[in-house]
Amino acid sequence: MAKLTVFFKDKAIHSRLFENGIVHIGRDETNDLVIDSLAVAPAHAVIVIKDSECSIKQLHNDFPLIVNGEAIKSGNLNNNDTIAIGKHQIIFNDGEAIDAIPQQLEDLVNRDVATLNKEIESDLRIPTANLQVISGNNIGKILPLKNAMTRLGQSDKGVIAIVKRKDGYFVSALEHVHAILINDQPLGNKSAQLNDNDVLVVGDTSLQFFIS
(Lines give C-alpha, C1' and ligand atoms only; values in the text may rest on other atoms or scores of the structure.)
Protein backbone atom coordinates (compact mmCIF):
# COMPACT_ATOMS: atom_id res chain seq x y z
CA MET A 1 0.00 0.00 0.00
CA ALA A 2 1.08 3.59 -0.67
CA LYS A 3 -0.33 7.05 -0.09
CA LEU A 4 0.05 9.86 -2.64
CA THR A 5 -0.73 13.43 -1.56
CA VAL A 6 -0.83 16.08 -4.28
CA PHE A 7 0.23 19.65 -3.44
CA PHE A 8 -0.15 22.87 -5.43
CA LYS A 9 1.34 26.17 -4.21
CA ASP A 10 2.30 24.39 -0.97
CA LYS A 11 -1.29 23.40 -0.29
CA ALA A 12 -2.57 19.81 -0.28
CA ILE A 13 -5.37 19.45 -2.84
CA HIS A 14 -6.10 15.74 -2.55
CA SER A 15 -4.75 12.50 -1.17
CA ARG A 16 -5.36 8.86 -2.12
CA LEU A 17 -4.41 5.40 -0.92
CA PHE A 18 -3.37 2.75 -3.45
CA GLU A 19 -3.03 -0.98 -2.97
CA ASN A 20 -0.37 -3.09 -4.70
CA GLY A 21 -0.41 -2.60 -8.46
CA ILE A 22 0.14 0.10 -11.07
CA VAL A 23 -0.83 3.75 -10.60
CA HIS A 24 -1.01 5.90 -13.73
CA ILE A 25 -0.48 9.65 -13.24
CA GLY A 26 -1.32 12.34 -15.79
CA ARG A 27 -3.65 15.02 -17.10
CA ASP A 28 -6.09 12.71 -18.86
CA GLU A 29 -9.15 11.66 -16.87
CA THR A 30 -8.42 7.98 -17.53
CA ASN A 31 -5.45 8.08 -15.12
CA ASP A 32 -5.63 6.73 -11.58
CA LEU A 33 -4.26 10.02 -10.24
CA VAL A 34 -5.41 12.97 -12.36
CA ILE A 35 -3.59 16.31 -12.24
CA ASP A 36 -5.50 18.98 -14.15
CA SER A 37 -2.69 21.10 -15.61
CA LEU A 38 -1.32 21.68 -19.10
CA ALA A 39 2.16 21.39 -17.56
CA VAL A 40 1.37 17.71 -17.00
CA ALA A 41 1.40 15.17 -19.85
CA PRO A 42 -1.82 13.26 -20.61
CA ALA A 43 0.14 10.17 -19.49
CA HIS A 44 3.01 11.53 -17.38
CA ALA A 45 4.32 8.77 -15.10
CA VAL A 46 3.52 5.38 -13.66
CA ILE A 47 4.18 4.05 -10.15
CA VAL A 48 4.46 0.32 -9.52
CA ILE A 49 3.56 -0.61 -5.94
CA LYS A 50 4.74 -3.89 -4.44
CA ASP A 51 4.82 -5.09 -0.84
CA SER A 52 8.48 -4.28 -0.24
CA GLU A 53 9.35 -1.95 -3.10
CA CYS A 54 7.83 0.90 -5.10
CA SER A 55 9.21 2.33 -8.33
CA ILE A 56 8.35 5.19 -10.68
CA LYS A 57 8.87 5.64 -14.43
CA GLN A 58 8.59 8.63 -16.77
CA LEU A 59 6.15 8.08 -19.68
CA HIS A 60 6.63 11.22 -21.81
CA ASN A 61 10.06 12.55 -22.79
CA ASP A 62 8.78 16.11 -23.27
CA PHE A 63 7.39 16.31 -19.72
CA PRO A 64 10.10 15.87 -17.06
CA LEU A 65 9.77 13.72 -13.97
CA ILE A 66 11.66 15.08 -10.94
CA VAL A 67 12.13 13.14 -7.71
CA ASN A 68 13.72 14.95 -4.75
CA GLY A 69 14.96 17.69 -7.08
CA GLU A 70 16.59 15.36 -9.61
CA ALA A 71 15.26 14.65 -13.11
CA ILE A 72 14.98 10.90 -13.66
CA LYS A 73 13.64 8.43 -16.19
CA SER A 74 12.93 5.74 -13.58
CA GLY A 75 13.87 4.81 -10.05
CA ASN A 76 12.76 3.46 -6.68
CA LEU A 77 10.62 5.46 -4.27
CA ASN A 78 11.21 5.80 -0.54
CA ASN A 79 8.98 7.16 2.20
CA ASN A 80 8.52 10.96 2.07
CA ASP A 81 10.04 11.28 -1.42
CA THR A 82 8.84 14.38 -3.29
CA ILE A 83 7.74 13.88 -6.89
CA ALA A 84 7.52 17.08 -8.98
CA ILE A 85 5.20 16.91 -12.00
CA GLY A 86 4.65 20.21 -13.76
CA LYS A 87 3.84 22.78 -11.08
CA HIS A 88 2.49 20.15 -8.69
CA GLN A 89 4.29 18.11 -6.03
CA ILE A 90 3.34 14.63 -4.86
CA ILE A 91 4.48 13.30 -1.49
CA PHE A 92 4.94 9.53 -1.46
CA ASN A 93 4.33 7.59 1.77
CA ASP A 94 4.87 3.84 2.00
CA GLY A 95 2.62 1.39 3.84
CA GLU A 96 4.42 1.54 7.17
CA ALA A 97 4.37 5.33 7.28
CA ILE A 98 0.65 5.51 6.47
CA ASP A 99 -0.31 3.91 9.77
CA ALA A 100 1.83 6.45 11.63
CA ILE A 101 0.31 9.59 10.09
CA PRO A 102 -1.36 11.50 12.93
CA GLN A 103 -4.89 12.84 12.74
CA GLN A 104 -3.50 16.38 12.93
CA LEU A 105 -1.88 15.97 9.53
CA GLU A 106 -5.09 14.59 8.05
CA ASP A 107 -6.96 17.61 9.40
CA LEU A 108 -4.33 19.91 7.88
CA VAL A 109 -4.75 18.27 4.46
CA ASN A 110 -8.53 18.63 4.63
CA ARG A 111 -8.20 22.30 5.62
CA ASP A 112 -5.81 23.01 2.75
CA VAL A 113 -8.17 21.32 0.28
CA ALA A 114 -11.06 23.54 1.41
CA THR A 115 -8.91 26.68 1.20
CA LEU A 116 -7.62 25.90 -2.28
CA ASN A 117 -11.10 25.07 -3.55
CA LYS A 118 -12.24 28.55 -2.47
CA GLU A 119 -9.26 30.12 -4.25
CA ILE A 120 -9.96 28.16 -7.43
CA GLU A 121 -13.64 29.15 -7.35
CA SER A 122 -12.64 32.80 -7.01
CA ASP A 123 -10.03 32.61 -9.79
CA LEU A 124 -12.46 31.00 -12.21
CA ARG A 125 -15.03 33.78 -12.17
CA ILE A 126 -14.58 34.42 -15.86
CA PRO A 127 -17.24 34.75 -18.58
CA THR A 128 -19.15 31.58 -19.41
CA ALA A 129 -18.19 30.06 -22.77
CA ASN A 130 -19.70 27.50 -25.12
CA LEU A 131 -18.95 25.44 -28.18
CA GLN A 132 -21.47 25.22 -31.00
CA VAL A 133 -21.39 22.35 -33.48
CA ILE A 134 -21.28 23.83 -37.00
CA SER A 135 -20.96 20.65 -39.08
CA GLY A 136 -22.30 17.10 -39.15
CA ASN A 137 -25.48 15.53 -37.79
CA ASN A 138 -25.50 17.58 -34.57
CA ILE A 139 -25.16 20.97 -36.28
CA GLY A 140 -26.45 23.78 -34.05
CA LYS A 141 -25.97 21.89 -30.79
CA ILE A 142 -24.44 24.02 -28.02
CA LEU A 143 -22.01 22.54 -25.49
CA PRO A 144 -21.55 24.72 -22.37
CA LEU A 145 -18.01 24.75 -20.96
CA LYS A 146 -18.97 24.61 -17.27
CA ASN A 147 -16.19 22.49 -15.81
CA ALA A 148 -12.58 23.40 -15.04
CA MET A 149 -11.64 20.95 -17.81
CA THR A 150 -13.81 19.66 -20.65
CA ARG A 151 -12.70 16.65 -22.69
CA LEU A 152 -14.18 16.20 -26.17
CA GLY A 153 -13.75 13.82 -29.10
CA GLN A 154 -13.19 10.17 -29.86
CA SER A 155 -9.93 8.28 -29.49
CA ASP A 156 -9.93 7.20 -33.14
CA LYS A 157 -10.74 10.69 -34.53
CA GLY A 158 -9.09 13.10 -32.13
CA VAL A 159 -9.49 14.21 -28.52
CA ILE A 160 -9.08 17.71 -27.08
CA ALA A 161 -9.12 19.18 -23.58
CA ILE A 162 -10.37 22.70 -22.90
CA VAL A 163 -9.16 24.10 -19.59
CA LYS A 164 -10.80 27.08 -17.88
CA ARG A 165 -8.33 29.39 -16.17
CA LYS A 166 -8.58 32.81 -14.57
CA ASP A 167 -7.11 34.35 -17.74
CA GLY A 168 -9.36 32.51 -20.21
CA TYR A 169 -9.98 29.19 -21.95
CA PHE A 170 -7.14 27.08 -23.37
CA VAL A 171 -7.29 24.09 -25.71
CA SER A 172 -4.76 21.28 -26.18
CA ALA A 173 -4.77 18.02 -28.14
CA LEU A 174 -4.70 14.73 -26.21
CA GLU A 175 -4.99 12.12 -28.99
CA HIS A 176 -4.59 12.09 -32.80
CA VAL A 177 -2.88 15.49 -32.76
CA HIS A 178 -2.83 15.64 -36.57
CA ALA A 179 -6.66 15.65 -36.63
CA ILE A 180 -7.02 18.81 -34.52
CA LEU A 181 -7.20 22.26 -36.19
CA ILE A 182 -7.83 25.75 -34.85
CA ASN A 183 -8.87 28.35 -37.41
CA ASP A 184 -7.66 26.00 -40.19
CA GLN A 185 -4.19 25.70 -38.61
CA PRO A 186 -2.83 22.53 -36.94
CA LEU A 187 -2.90 22.81 -33.15
CA GLY A 188 -0.05 20.30 -32.78
CA ASN A 189 1.39 19.61 -29.36
CA LYS A 190 1.01 23.17 -28.10
CA SER A 191 -1.87 24.70 -26.18
CA ALA A 192 -3.70 27.78 -27.46
CA GLN A 193 -5.93 30.36 -25.86
CA LEU A 194 -9.40 30.45 -27.36
CA ASN A 195 -10.90 33.71 -28.58
CA ASP A 196 -14.50 34.53 -29.42
CA ASN A 197 -15.60 32.86 -32.70
CA ASP A 198 -12.50 30.63 -33.02
CA VAL A 199 -13.28 27.44 -34.97
CA LEU A 200 -11.98 24.05 -33.85
CA VAL A 201 -11.93 20.97 -36.04
CA VAL A 202 -11.81 17.68 -34.13
CA GLY A 203 -11.75 14.76 -36.54
CA ASP A 204 -14.72 15.35 -38.84
CA THR A 205 -16.56 17.76 -36.54
CA SER A 206 -16.28 21.57 -36.57
CA LEU A 207 -17.06 23.57 -33.44
CA GLN A 208 -17.19 27.34 -32.89
CA PHE A 209 -16.11 28.81 -29.56
CA PHE A 210 -18.06 31.78 -28.25
CA ILE A 211 -18.47 33.74 -25.03
CA SER A 212 -22.00 33.90 -23.60
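Here is a short chat about a predicted model of a protein chain.

Visitor: How many helices and strands does the protein chain have?
Guide: Let's start with the overall make-up. The protein chain has 212 residues, and 40% of them count as buried. Its secondary structure comes to two helices and 21 strands.

Visitor: Which residue in β2 is the bridge partner of Leu-4?
Guide: Look at the start of the chain, where β1 and β2 form a hairpin with two residues between them. Lys-9, in the turn, has a positive phi of about 55 degrees. The two strands pair in the antiparallel sense over seven bridges. In β2, Leu-4 is matched with Arg-16.

Visitor: Which strands stand at the edges of the open sheet of six strands?
Guide: Follow the order of that sheet, which is β13-β12-β21-β20-β17-β18, with antiparallel pairing. A strand at an edge has a single partner, so one side of it is left without a neighbour in the sheet. That description fits β13 (142–144) and β18 (185–186).

Visitor: What is the bridge partner of Val-201 in β21?
Guide: Stay in that sheet and find β20 (residues 199–202) and β21 (residues 205–211), which run antiparallel. Four bridges join them. In β21, the partner of Val-201 is Ser-206.

Visitor: How many residues are in the largest nonpolar core?
Guide: In soluble globular proteins, nonpolar side chains tend to be buried together. Here, the residues with the most contacts inside the largest core are Leu-4, Ile-25, Ile-47, Ile-56, Leu-77, Ile-83 and Ile-90. β1, β3, β5, β6, β10 and β11 each supply at least two residues of this core. The count for the largest core is 22 residues.

Visitor: And how many residues make up the other core, which lies apart from it?
Guide: Among its members are Ala-129, Leu-152, Ala-173 and Leu-207. This other core has 20 residues.

Visitor: Is Val-40 buried or exposed?
Guide: Val-40 sits in the loop between β4 and β5. Leaving out residues up to four places away in sequence, Val-40 touches Gly-26, Arg-27, Ile-35, Phe-63, Ile-85 and Gly-86. The cut-off for buried is under 20% relative accessible area. Val-40 has 0%, so the word for it is buried.

Visitor: What separates the C-alpha atoms of Val-40 and Leu-65?
Guide: Along the chain these two are 25 residues apart. In space, their C-alpha atoms are separated by 9.8 Å.

Visitor: Which backbone nitrogen does the side chain of Ser-37 reach?
Guide: Ser-37 has its place in the loop between β4 (33–34) and β5 (45–49). Ser-37 is buried, with a relative accessible area of 13%, and it touches Arg-27 and His-88 when residues up to four places away in sequence are not counted. At 3.1 Å, its side chain reaches the backbone nitrogen of Ala-39.

Visitor: Where does the largest share of the lining of the second largest pocket come from?
Guide: This pocket has a volume of about 390 Å³. Of the 16 residues that line it, the closest to its centre are Asn-138, Gly-153, Val-202, Thr-205 and Leu-207. Two strands, β14 (149–154) and β21, each supply at least two residues of the lining. The largest share, three residues, comes from β14.

Note on methods: Residues numbered from 1 in each chain as written. Predicted model: local features only at pLDDT ≥ 70, side-chain atom pairs only at ≥ 80, totals over all residues. Heavy atoms only, no water. Pairing = 2+ DSSP bridges. Buried < 20%, exposed > 50% of the residue type's maximum accessible area, 1.4 Å probe, protein only. Polar contact = N/O pair within 3.5 Å; in protein donor to acceptor, adjacent residues only side chain to side chain. Contact = heavy atoms within 4.5 Å. Core = buried A, V, L, I, M, F, W, Y, C linked by side-chain atoms within 4.5 Å. 1 Å grid on protein atoms, 1.4 Å probe; cavity = no way out; pocket = protein on both sides within 12 Å on 5 of 7 lines; lining within 4 Å. Points joined across faces, edges and corners; volume = space filled by probe spheres on them.
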